[in-house]
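Visitor: Hey, I've got a structure to look at and I'm new to this. Can you walk me through it?

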Amino acid sequence: MLIAECFHLLSVIVLEKLPQMIRKELKTMFSMNDLKKTRLAQELIAGIKIETKSEAKLEAKLEVIPKLLKKGFSVQKIAEI
């Protein structure tokens, strides 16, 4: 979903820079694959992947911590893990 939003942002930027062209003309000029090949798109995609992985790791930790506390692990021991 974030990738689609980023590409929407890119299209808005292009429309602002090329106001004389209509959206249909721009879509003809630049396919989604063309946009995905740009350095900006690659950087955005890489950043989104990193954020997604970090969020997934955090969610996993937040799910495990209450279970470890119920099993009798100390806060210090959980922090070491």
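Guide: Sure! One term to begin with: a helix here is a DSSP run of H or I with at least four residues, and helices are numbered from the N terminus. Also keep in mind that this is a predicted model.

Visitor: Got it. How many helices and strands does the protein have?
Guide: There are 5 helices and 0 strands. Going along the sequence, the pattern reads α-α-α-α-α.

Visitor: Okay, where is E51 in that?
Guide: E51 sits in helix α4, which covers residues 39–70.

Visitor: And is E51 buried or exposed, or something in between?
Guide: In between. Its relative accessible area is 47%, and partly exposed covers the range between under 20% for buried and over 50% for exposed, so E51 counts as partly exposed.

Visitor: Which residues join E51 in the negative surface patch?
Guide: E55, E59 and E63 form that patch together with E51.

Visitor: New topic: where do I find F73?
Guide: Look in the loop between α4 and α5.

Visitor: What does F73 touch?
Guide: Leaving out residues up to four places away in sequence, F73 touches L68, I78 and I81. F73 is still partly exposed, with a relative accessible area of 33%.

Visitor: Zooming out, how much of the protein counts as buried?
Guide: Of its 81 residues, 14% count as buried.

Visitor: And what about the area the protein exposes?
Guide: That comes to about 7100 Å², with carbon and sulfur atoms supplying 63% of it.

Terms used: Residues numbered from 1 in each chain as written. Predicted model: local features only at pLDDT ≥ 70, side-chain atom pairs only at ≥ 80, totals over all residues. Heavy atoms only, no water. Patch = residues over 30% accessible without salt bridge, like charges linked within 9 Å, V, L, I, M, F, W, Y side chains within 5 Å. Areas by Shrake-Rupley, 256 points an atom, 1.4 Å probe, with all protein chains shown as cover. Salt bridge = Lys/Arg side-chain N within 4 Å of Asp/Glu carboxyl O. Lys, Arg positive; Asp, Glu negative; His and termini not counted. Charge placed at Lys NZ, Arg CZ, Asp CG, Glu CD. Helix = DSSP H or I, 4+ residues; strand = E, 2+ residues; numbered from the N terminus. Buried < 20%, exposed > 50% of the residue type's maximum accessible area, 1.4 Å probe, protein only. Contact = heavy atoms within 4.5 Å.
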